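Okay, hi everyone, thanks for coming. I'll walk you through one structure today, piece by piece. Have a look at it first.

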Amino acid sequence: MPVDGNKSSSNINIPMTRTRSKLLHSSMLIKAALKENYDFSFTAKTPDQSTCQSSIPKPTLKRKLSGQNLSPTLKRKLSVQNLSPALKRKLSGQDLSPTTISASSCKRHRPLSRISSMLSPAKPVKRVSQALQRSITPKPSRARTLQRTSSISWKYQGPSPHPTPNKMKTSKRWLDFAENNLSNQMTKVQIMRQEAIHELYSGEVELVQDLKTLIEVYYNPMQTLKIMKPEELDEIFGIIHKITPLHEDLVGKIMNLRQSNGTIDCIGPTLIAWIPKLFPYLDYCAHLFKAKSALDDKRRDLHVADFLERCKQSPFSRKLDVWDFLDKPRSRLMKYSLLLKNITKLTSTEHPDYNHLRNATSLIEAFVTKVDVKAGKAKCTFIQSKIFYVTDDQHDPLIDESQFLLCNGIVKNKAGTKLHVFLFEKILVLCRQATRDDVLMYQVHRRAIPVTSLAVEDVKDENVRANSLRGSFKDALSGGRTGKNFIRITSKSSGRLQYLIQANDEHDKKQWLNVLNEAITKCGHEINV
């Protein structure tokens, strides 16, 4: 880079054909030129060997380089008018083939103040090529911009929705509602009794909230959107509208019993008057088996399945399925006996509420027994309606005469086929699951065995070789694998009729053995009597 040190010339020429690194070092020369009042100019050679030059007179050098207070006319004078596109590409560091373009064809100009600010020592330039590249890059046309924006998928541009508030849970500690320093005036047993009463109350509040969620989030939207027919909704939800007011009534009565300091003295009489109102539970719990089957059938509908999944993911549902809400009242009913026994245990025998609590416990236990009996009969009738026979000789009148289903579950036979076992009080039936007219049914496997002629044997693991039909080729060559958790069921009246069933695990095997032996013992006792 030649620099003339003679002050009489008062001119410094900085070639623009230098590389980017040497161009950055020229800032020192500009600083020296400013100190000595030199005039300087940028010169460059175009591909046609013509020279482009832009000079700045020395009196206004500092003001013009700072880019402040410039008139439009002066800005046009300071702009680099003779730089060709080829030279701009060379300055940006790209090795592109040059194209001869006349200086007059360059219509887009960049003020020299922008270039001088990049070369200023106060603001060192790190990416000169990027700055120059941005300056010479043409802006996209409106047609191309519209074409690009139209290809982008639509997105919601409105205000962001407010987050769904989380469900507020009732505190389960009684001390949060009691007066300050009240715990210092009470014994430990008295505090535990108040905590037990508050546990009963908080459970009722939570159940009421869940029942309202079931109606407001599931039932009402499906009815409004016509996702299900009215008769289908009634088959699944039953009389849920009659269950909710019962627990709201109990919540209000317990609130009225609470004294100013937060304690409750007697709750037994209130429970004794409230328990007889639970008679709708008899029909509700007996209907749950049909409701579960109808719900499983409707889940095959994509619209219903999508709606239920969306409701399940909502914060109000707490990631619980609709069946969890439908089964809440039944599970709550089974807990009342334990809750009342706990309160009675913490109540002194001399307390006026002691006898009332014992009477309330007896009432709820008797009522739960009635619910179990009716629910058992309803389940038995429901299973009987699902059983069908391939041949007429498979039909046994004892299946229709049975009123209770003692136990049911899924086991496997020696070949590995899944079988559904239904133990009624009079007969044992093994079935295979089948579908008829898009409805799940149970097809009788071979023949049923009456309980009176039933014999059960616990088979040891080393005495069975489970040659599964779907086993590996290695197992077939080795004689099969040793089976585990097998039970042999035989008919005394027909020695040829026997089943070798396999339970899921050792615990399941023990449960099956106990239930089968109890059914045999009970049936034999009834015959002897």
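So, what pLDDT does the protein chain average, and what share of the residues score at least 70? This is a predicted model, and the average pLDDT of the chain is 75, with 61% of the residues scoring at least 70.

Let me show you two stretches to be careful with. In residues 1-10 the pLDDT stays under 50, and the model has 17 contacts beyond four places in sequence for them. Residues 94-107 also stay under 50, with 18 contacts of that kind. The general advice is that where pLDDT is low, the predicted coordinates should not be read in detail. I'll leave those contacts alone, then.

Now the overall picture. The protein chain has 20 helices and 14 strands. There are 529 residues, and 38% of them count as buried. About 32,000 Å² of the chain is exposed, and carbon and sulfur atoms supply 52% of that. If you take contacts between residues at least 6 apart in sequence, 64% of them join residues at least 24 apart.

On to the inside. In soluble globular proteins, nonpolar side chains tend to be buried together. Here, the largest nonpolar core has 55 residues, and the ones touching the most other members are Y218, F237 and L333. Which helix gives this core its largest share? That's helix 9, residues 188-224, with 13 residues. Separate from this core is another one of 21 residues, including V411, L423, L497 and L513.

Let's zoom in on F237. If we skip neighbours within four places in sequence, F237 contacts L214, Y218, Y219, M222, Y284 and L326. Click on those yourselves later.

Next, the strands. Strand 5 (residues 405-412) and strand 6 (residues 418-424) run antiparallel, paired over 7 bridges. One partnership to look for is C407 with L423, the latter sitting in strand 6. We've just met L423 as a member of the 21-residue core. The hairpin these two strands make has 5 residues between the strands, and within it G416 has a positive phi near 95°.

That G416 is a glycine. What about positive phi in other residues? In general, most residues other than glycine have a negative phi. Two spots here go the other way. R446 has a positive phi near 55°, and it's found in the loop between strand 8 and strand 9. N485 has a positive phi near 60°, and it's in the loop between strand 12 (481-482) and strand 13 (486-491).

Are these two buried or exposed? R446 is partly exposed, with a relative accessible area of 38%. N485, at 14%, counts as buried, because the cut-off for buried is under 20%.

Staying in the loop of R446, there's also H445, between strand 8 (439-444) and strand 9 (449-450). H445 counts as buried at 15% relative accessibility. Beyond four places in sequence, H445 is in contact with L419, L430, C431, R432 and Y499.

Last topic: charges. Side chains of opposite charge can pair when their charged atoms come close. How many salt bridges do we count in this model? The count is 18.

Take D353 and R193, whose side chains meet at 3.1 Å, N to O. D353 is in the loop between helix 16 (328-345) and helix 17 (354-386) while R193 is in helix 9, so this pair ties together parts that are 160 residues apart in sequence. Both ends are buried: D353 has a relative accessible area of 0%, and R193 has 6%.

Compare E401 and K426, where the closest N and O atoms are 3.9 Å apart. E401 is in helix 18 (residues 397-401) and K426 in the loop between strand 6 and strand 7 (427-436), so they tie together parts 25 residues apart in sequence. E401 is partly exposed at 41%, and K426 is partly exposed at 34%.

Then there's D296 with R299, a salt bridge at 4.0 Å, N to O. D296 is partly exposed at 31%, and R299 is partly exposed at 29%. Those two belong to a network of salt bridges linking K292, D296, R299 and D321.

That's my tour. Any questions?

Definitions and conventions
Residues are numbered from 1 along each chain as its sequence is written. This is a predicted model: local features need pLDDT of at least 70, side-chain atom pairs count only at pLDDT 80 or more; totals for chains, interfaces and linings use all residues. Side-chain values use heavy atoms; hydrogens and water are left out. A nonpolar core is a set of buried Ala, Val, Leu, Ile, Met, Phe, Trp, Tyr and Cys residues joined through side-chain atoms within 4.5 Å. Buried means under 20% relative accessible area, exposed over 50%, partly exposed in between (1.4 Å probe, protein chains only). Helices (H or I, at least four residues) and strands (E, at least two) are DSSP runs, numbered from the N terminus. Contact means heavy atoms within 4.5 Å. Two strands pair if DSSP finds at least two bridges between them. pLDDT is the predictor's confidence in each residue, from 0 to 100. Accessible areas come from the Shrake-Rupley method with a 1.4 Å probe; for residues, only the protein chains shown count as cover.
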